[in-house]
Amino acid sequence: MKNIVKIKNMYKSFYGAMALNGMDFSMNEGEIRCLIGENGCGKSTMIKVISGFHPFDSGELYINDKLYKKITPSESIAEGIQVIYQDFSLFPNMTIAENIMMYSTVAKGDIAINWKEIRKKAEDILKKVQFDIDPNMYVADLNVAQKQMVAICRAIVQNARLLIMDEPTTALTTREVERLFEIVRKLKEDGVSVLFVSHKLDEIAEICDSYTIMRNGKNVFQSEVGEGKLSKEDMVYYMTGKKFTSETHVYVEQSPIPALKLNDLTLDGAFENINFSLYKGEVLGITGLLGCGNTELVETLFGIKKATGGSIEIAGKNVGIFGCVDDALNSKIAYVPEDRLTEGLHLNQSIADNAIARILRNYTGHMGLLKMKELRKKQKESLSSMSVAGMVPENPANSLSGGNQQKIVLIKWLASNPDILILNSPTVGVDVGAKSDIHKIIRDLAREKGVAVLVVSSDMYEIMQICNRVLLMKEGKISQEIDIKDTSMDELEELAAAD
């Protein structure tokens, strides 16, 4: 089989840390290859080298049998390489048709734009992938799955020979994942090779023809088409060099008074009449399909949105509803948002400064001056509270991998010693090793420190691993409460997907 991409003995470093450390890789025509590895192993760096975003320090890069000492994004695109990143890189204020045809239109260099032709070509591509939608809709009005389809259509229209998909199923429902897999297989039939980057091992086993597994900037395992599937246990071992044991959370009552209680809490247009109690030492999960209202609910519990009805009780005291974030903070609530990049971290600030960002106001003296000696001591104490691989406190937060960034967000909030911790998709886009670490941290917080933890997640494995109860939300209402010991992951998935 002919190589589309081949990498030999490649090295690339950032901030003195080696991202690619003698990397070897090959991608053939006519295959769906899965690229897996822990966060920080070098996957994203290799993708950005192939796409021309990063230059490499040394080694060899071949694309379509052509040797490149360095490659630009435009040269990579000309060779048929297309990357769909997690944010899709779409223009929200433009239509579907305009987004699909954007790069092709710019590449042609025409002064005048034939809008009729753009719409016709966009319609043809949409029809090709059986995506029934009005091409005049604005991207801002689309859900995640629809945006992903637009990004795929944009790649197809540019004659992609290799489509690289970075964590493509992160925010998709089970049905949407099935639809995506249909598209990926159709692309393969049409002669497009797909490099599928994911942390979801069940999905990898279902969709891939071959594997490349990375660890510490190196290729530690590579299979070819027809060589058979790896077990999840083997994948984890190659990724981490370790074997993990499964552990679940056992709740032991610490107080009969709920740490948090909701009484008919309502936010018009999002959710209504939500009632539940959360106790010290327990981990309560909320799950449901995209748009069920769970994110709006936890944002209301943190004062980001203001409820339109109902009330909240904290440790037995009725506090009404939160009008702002400070109301939640004063009730000793911490919130780790789903989007750590835009909402959880100051990416260009140092790791050390991010670790104490939440409690900075606690270390101000007269005239608003910071008590630097005490602050530095707290920084050191916070950063030593959990293991963060590759951490240099003075480096910016964006120097860390996704899983380690998520740990810094946790460190930041735990520094405030919260009584209630709300986690929205705590391990989204996080590798299996970091996910295991974060799950243990959550269980330990509940069991050993008595923190009441509320977790919103669509990852049923995660729900089963860390929660003792789970609430199923549908169309803005709680439809069912389930004790984890009385259910299974398959049953939870079926209940969530059921109409």
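This report describes a sheet, its strands and helices, one buried histidine, and the pockets and cavities of a predicted model.

## The sheet

Six strands form an open sheet in the order S6-S7-S8-S3-S9-S10, and the pairing is mixed. The edges are held by strand S6 (81-84) and strand S10 (218-222); each has a single partner strand, so one side of each has no neighbour in the sheet. From one strand to the next, the twist averages 20°.

Strand S3 (residues 32-37) and strand S9 (residues 210-215) run parallel and are joined by five bridges. Within this pairing, leucine 35 is placed opposite threonine 212 of S9. Strands S6 and S7 are also parallel, with four bridges between them. The pairing of S7 with S8 is parallel as well and has five bridges.

## Strand S7

Leucine 163 can be followed across the strands on both sides of S7. Its bridge partner on one side is glutamine 82, and in S8 the bridge partner of leucine 163 is valine 194.

How much of S7 is buried? Five of its five residues are, so the strand is largely enclosed by the rest of the structure. The side chains divide between two directions: Leu162, Ile164 and Asp166 point one way, Leu163 and Met165 point the other way, and all are buried. Two residues of this strand, Met165 and Asp166, are also among those that line the second largest cavity.

## Helices on the sheet

Helix H1 (residues 43-50) lies across five strands: S3, S6, strand S7 (162-166), strand S8 (193-197) and S9. The direction of H1 is at about 135° to that of S3. Helix H8 (residues 232-240) also packs on the sheet, where it touches S3, S9 and S10. The angle between the directions of H8 and S9 is about 35°.

Six of the eight residues of H1 are buried, so this helix is largely enclosed by the rest of the structure. The buried positions are Lys43, Thr45, Met46, Ile47, Val49 and Ile50. After H1 comes glycine 52, which has a positive phi, near 85°.

## The second largest pocket

The second largest pocket has a volume of about 410 Å³. It is lined by 16 residues, of which Ser385, Leu414, Asn417, Leu445 and Lys449 are the closest to its centre. Three helices give two or more residues each to this lining: helix H13 (372-383), helix H14 (402-414) and helix H15 (432-449). Which element gives the most to the lining? H15 does, with five residues.

By class, the lining of this pocket holds eight nonpolar, three polar and five charged residues.

## Histidine 439

Helix H15 also holds histidine 439. This histidine has a relative accessible area of 3%; because that is under the 20% cut-off, the residue counts as buried. Which residues does histidine 439 contact, leaving aside its neighbours within four places in sequence? They are Thr427, Glu462, Gln465 and Ile466.

## Cavities

Two cavities of 30 Å³ or more are present in the structure. The largest has a volume of about 40 Å³. Its lining is made up of Lys128, Val129, Ile156, Ile183, Lys186, Leu187 and Asp190. Helix H6 (residues 174-189) supplies the largest share of that lining, three residues. Four of the lining residues are nonpolar and three are charged, with no polar residue among them.

The second largest cavity has a volume of about 30 Å³. It is lined by Ile84, Tyr85, Phe88, Gln148, Met165, Asp166, Glu167 and Pro168. This lining divides into five nonpolar residues, one polar and two charged.

Definitions and conventions:
Residues are numbered from 1 along each chain as its sequence is written. This is a predicted model: local features need pLDDT of at least 70, side-chain atom pairs count only at pLDDT 80 or more; totals for chains, interfaces and linings use all residues. Side-chain values use heavy atoms; hydrogens and water are left out. Two strands pair if DSSP finds at least two bridges between them. Axes are lines fitted to C-alpha atoms, for helices over the stretch in contact, and angles run from 0 to 180 degrees between N-to-C directions. Contact means heavy atoms within 4.5 Å. On a 1 Å grid over the protein atoms alone, a cavity is a set of points where a 1.4 Å probe fits but cannot get out, and a pocket is an open set with protein on both sides within 12 Å along at least five of seven lines; lining residues have an atom within 4 Å of a point. Grid points are joined across faces, edges and corners, and a volume is the space filled by probe spheres set on the points. Ala, Val, Leu, Ile, Met, Phe, Trp, Tyr, Cys and Pro count as nonpolar, Asp, Glu, Lys and Arg as charged, and the others, Gly among them, as polar. Buried means under 20% relative accessible area, exposed over 50%, partly exposed in between (1.4 Å probe, protein chains only).
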